Amino acid sequence: MMPHSHRIVLGHRYFVISLAFSFLFHVARVLPATTGTDICEIHIGAMMNTVEDMETLQVAVREVNENSRILPGNYRLNVTSIIMTNNPIQSAIRVCEKIIPNEVYAVISGYSPELYMSSVSVSYTCGFYGIPVIGISARECIFSDKHIHKSYLRTVPAYSHQAIVWADIVEHFEWSSVVIITSSDQDGRSILSTFRKRMVDYHRFKMERSITYKPGNNNMTDVLIEVKKCQARVILLYASEKDACTVYQDAQRLNMTQSGYAWLVTEQGVTGDALVSAPEGVIGMRLKHGGDTKAHIKDSVRVVAKGIHSFVQNKGTQPPPSDCRQPGESLWPSGSLYYKNLLDAIILQGETGMIDFDANGDRKSANYDIINIQGGEEVSIGEWLSATGLATNQNTPVWPGGIRDRPEGYELPTHLRVVTLRNPPFVYINDSDPVTKKCVGNDSVPCLAANGSLWQCCSGFCIDLLNSLSKELNFTFDLHSVYDNQFGNYEKINGTEKRWNGMIGEILDGKADMIMAPLTITNERARFVDFSKPYKYQGLTILVKKMEMNTNLLSFMRPFEISLWILIGICIHVIPVVIYLLDRFSPFSHRRNDEEQTALNLSQAVWFSWSVVLNSGVGERTPRSFGARVLGVVWAGFAMIMVASYTANLAAYLVLDRPEARITGINDAKIRNPSDSFKYATVSKSSVEMYFRRQVELSTMYRFMLKYNYDDADDAIRDLKSGVLDAFIWDSAMLDFQVSQDCGLITVGELFGRSGFGIGLSKNSMWTQKVSLRILEFHEKGKIGGLENTWITSQQCGVKSIQPTTLGLSSMGGVFLLVAGGFLVGFVINRLEIFCKRHQQAKERQSELARVAVSNWRGTVRRRRKRNSARYMVPAPTPEPVIKSNGIQGPSSLEKEMDGAIPLAVIHRRSRHVPMLQPNSYHWPPSAEPYRSSPTNSLQSN
């Protein structure tokens, strides 16, 4: 018995030998023998339109087999061809019965418009089994759909390839806008899609509109009327031969083949009957060798051979299927590999030129002749090569209407429908005069109300701008209000379809040509309408009420604290006392130099102190002593510093005093962390709401505002003034205007969400560039700034919060009260002075009467004494005369009082300590000399 290990080794050997035989068997099926004189035949199939095509195919196969540079080694092609029928089912059956049993590597399919469905049937059938199909002259776009035609490729480009030629022609003639008319079938959609993709590479022109029609329509008038509404006059037409004839006939009836228009058509539009009906000046194209069936058959055979050349170099390939009815073996496993080899095949010098393919199996390298209809004949005006693009020749094209000059390509309408919306100060809408039914004022323009039955008067910033543009660009307009009072919001209609409402919706629906209102330029809106250059740059800001200023009648005292005021008051009254004392006790003062009447007294010192502080000039006496003057100079410096400090602080507190706001801006905690204690909002369905919805970091604020948002900005501002709303977020231009109108409002914080107001126009409108250039010119000339001064900033309140606050009675009322107090105090002091003066005069009169009475009494006493008491009288001493300040000698006080001898009894009564008169102790006047020697003599003589 054989050992177990030997049995395992022997089993492995048998398994390897069986695999080797199996591999050799499959290789023998695909590549029978390539050595010696053995010939390896590669079978291909063909479905031709005519017997002549079949013969051409045989000739092409024979030429390839005889050319050793095309097929390697001993490989030879063997073709099985049959006639294609116009029955697609029968064609599919014939493919399965007569072609696939021959184990064909590829099938060459002929084409004609009548055999279109049969070609589709052949491609689908072969694709089901993974057998590549090479089409001849089939240019429909359906063959590029790899979901249906999985293994199809062709030696001609698809019809949609002509869109690339269109784009180059439009770019060559420098047209800025075009209108495309295409059929609504798959070929029409494909060429439109290709043109849009090609437009990405060009920035000079736009597609104003694309219009589709139903193939086979016998009346194209409605389609052409829509084209005529457009501003572009360059028409790109893709239509079948029959449909092109209908378009030409209807276009001639609508005068759309006259001067000013330009028609670019595809190859079908200048073929057969369409060529006969084509109007003068039409520019078309024709694929070079496109109708040369023999050349395409030869090129297709060479492509098959080129693919075989690469395919046989792969190992492990399997033969094609041989029966359509074998279950599980229908798909050729190596078919995808061979199809890829065919796509990679490049024929540099084929019968129709260079041949290469894209990923969809369509030919990439294609050349076109550019033709122009002149006098009913085709005239070549250039060619388009895939390698170099468009190249014109010496032939000048003729345009519709028989003109030689290139048309501009657009026609601007001279009458525009303009839509607006009430939004002061940009647009005011008022009723017209009830009597004349006309607008009052030169700046008002008639405008139709939203209901369409009432004429109103529109004025404002935007209306003045519209009038200026109308004069500069030479157009007229009809102005009307938007039907729903909305700027434009993209929202769902009936819960399903999304549409634009407001002014944007009117532009899209063709109800308006221009939007003249403070319309914010946003990315969402710019996708559907065109915007001019901004005529007003602005952003978003926050409007709040001003907080009440803390002003009172003593606001003028705010620069200094009360303690400082008290110290200043003390210094004002202490300094004059010190100056008075220094001047009084100084040896150089007026008082010490016998100038009592010019000496500084205390009241004058106080007045001096106040005069220095108030800088009113020193009109009274000034100190004379050096020490007092030094103190006066120091006091003047002190007063200068204090007055200057007071003036500066008064300007800071009163002139630049601004009311504080409850928030500081968009980054304030009350805004970022919303709560019901501080409510803020904006206008719903506006660009501001769209801005908050777009910003992720502002999502919390957006959700908070949803329950407070208003339908109209005026309602929000009214609630803000009444205190229902705490803050309102809106466009800065409008809020600046509101601040200029109401001094109780203020904008806070820096601008955010900066944008601009622009004029809205239809998408790809030819007016866009002209309006933009005029707006830029208005900016340079200062015309926009003049409109802003007229309508926005030229109002009674300051727009910006950085402007100084205007002083009012509430701030400076205390100064007036101070003046009134001074007047009252002065009046009271005056009355006191009058009272005191009268009291003093009464006392003086009483004193005078007393003096006169005393004088009379004294005279009476004197006479009596002289008469009766002469012996007791002693002569009065003669006092020293008093020298007056003016140098004149006057009577002494004693002479004034006694005016004669003093009674001795009076002397003894006044002073008990009066000593006895001594003869030599007193100076006797000469009149008393007789009595001096002996007193008794006088007594005796009497």
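**Helix α10 and its two partners, plus two single residues**

Hi everyone, let's start with a pair of helices: α10 packs against helix α11, residues 335-344, with the axes 8 Å apart and at an angle of about 120°. That angle is why α10 and α11 count as oblique to each other. If you rotate the view, you'll find that their crossing is right-handed. And before I go on, please keep in mind that this is a predicted model.

Which residues of α10 meet α11? They are V303, V304, G307, I308, S310 and F311. On the α11 side, their partners are L337, Y338, N341 and L342. Sorted by character, this contact has 7 nonpolar residues, 3 polar ones and no charged ones.

Now to another neighbour of α10. Helix α2 covers residues 51-66 and α10 covers residues 293-311, and their axes come within 9 Å of each other. The two cross at roughly 40°, and therefore α2 is oblique to α10. Here too we have a right-handed crossing, with α2 passing α10.

For those of you who like to follow along on the screen, α2 contributes E52, D53, T56, L57, A60, V61, E63 and V64. In α10 they meet T293, K294, I297, K298, V301, R302 and A305. How do the residues of this contact divide by character? There are 7 nonpolar, 2 polar and 6 charged residues where α2 touches α10.

Let's leave the helices and pick a threonine. T420 sits in strand β16, which runs over residues 415-420. Is T420 buried or exposed? T420 counts as buried, because its relative accessibility is 0%, and the cut-off for buried is under 20%.

What does the T420 side chain reach? At 2.8 Å from it is the backbone oxygen of M516. M516 also turns up among the contacts of T420 once we set aside neighbours within four places in sequence. The others in that set are V427, L479, H480, S481, V482, M503 and A517.

My last stop is a glutamate. You'll find E114 in the loop between β3, residues 107-109, and α4, residues 116-128. With 64% relative accessibility, E114 counts as exposed, because exposed means over 50%. How far is E114 from T85, in sequence and in space? The two are 29 residues apart along the sequence, and their C-alpha atoms are 9.6 Å apart.

That's my tour, so thanks for listening!

Note on methods:
Residues are numbered from 1 along each chain as its sequence is written. This is a predicted model: local features need pLDDT of at least 70, side-chain atom pairs count only at pLDDT 80 or more; totals for chains, interfaces and linings use all residues. Side-chain values use heavy atoms; hydrogens and water are left out. Axes are lines fitted to C-alpha atoms, for helices over the stretch in contact, and angles run from 0 to 180 degrees between N-to-C directions. Helices (H or I, at least four residues) and strands (E, at least two) are DSSP runs, numbered from the N terminus. Angles under 35 degrees count as roughly parallel, over 145 as roughly antiparallel, 65 to 115 as roughly perpendicular and the rest as oblique. A crossing is left-handed if the near helix is turned anticlockwise from the far one by less than a right angle, and right-handed if clockwise. Contact means heavy atoms within 4.5 Å. Ala, Val, Leu, Ile, Met, Phe, Trp, Tyr, Cys and Pro count as nonpolar, Asp, Glu, Lys and Arg as charged, and the others, Gly among them, as polar. Buried means under 20% relative accessible area, exposed over 50%, partly exposed in between (1.4 Å probe, protein chains only). A polar contact is a pair of N or O atoms within 3.5 Å; within protein, one must be able to donate a hydrogen and the other to accept it, and residues adjacent in sequence count only if both atoms are side-chain atoms.
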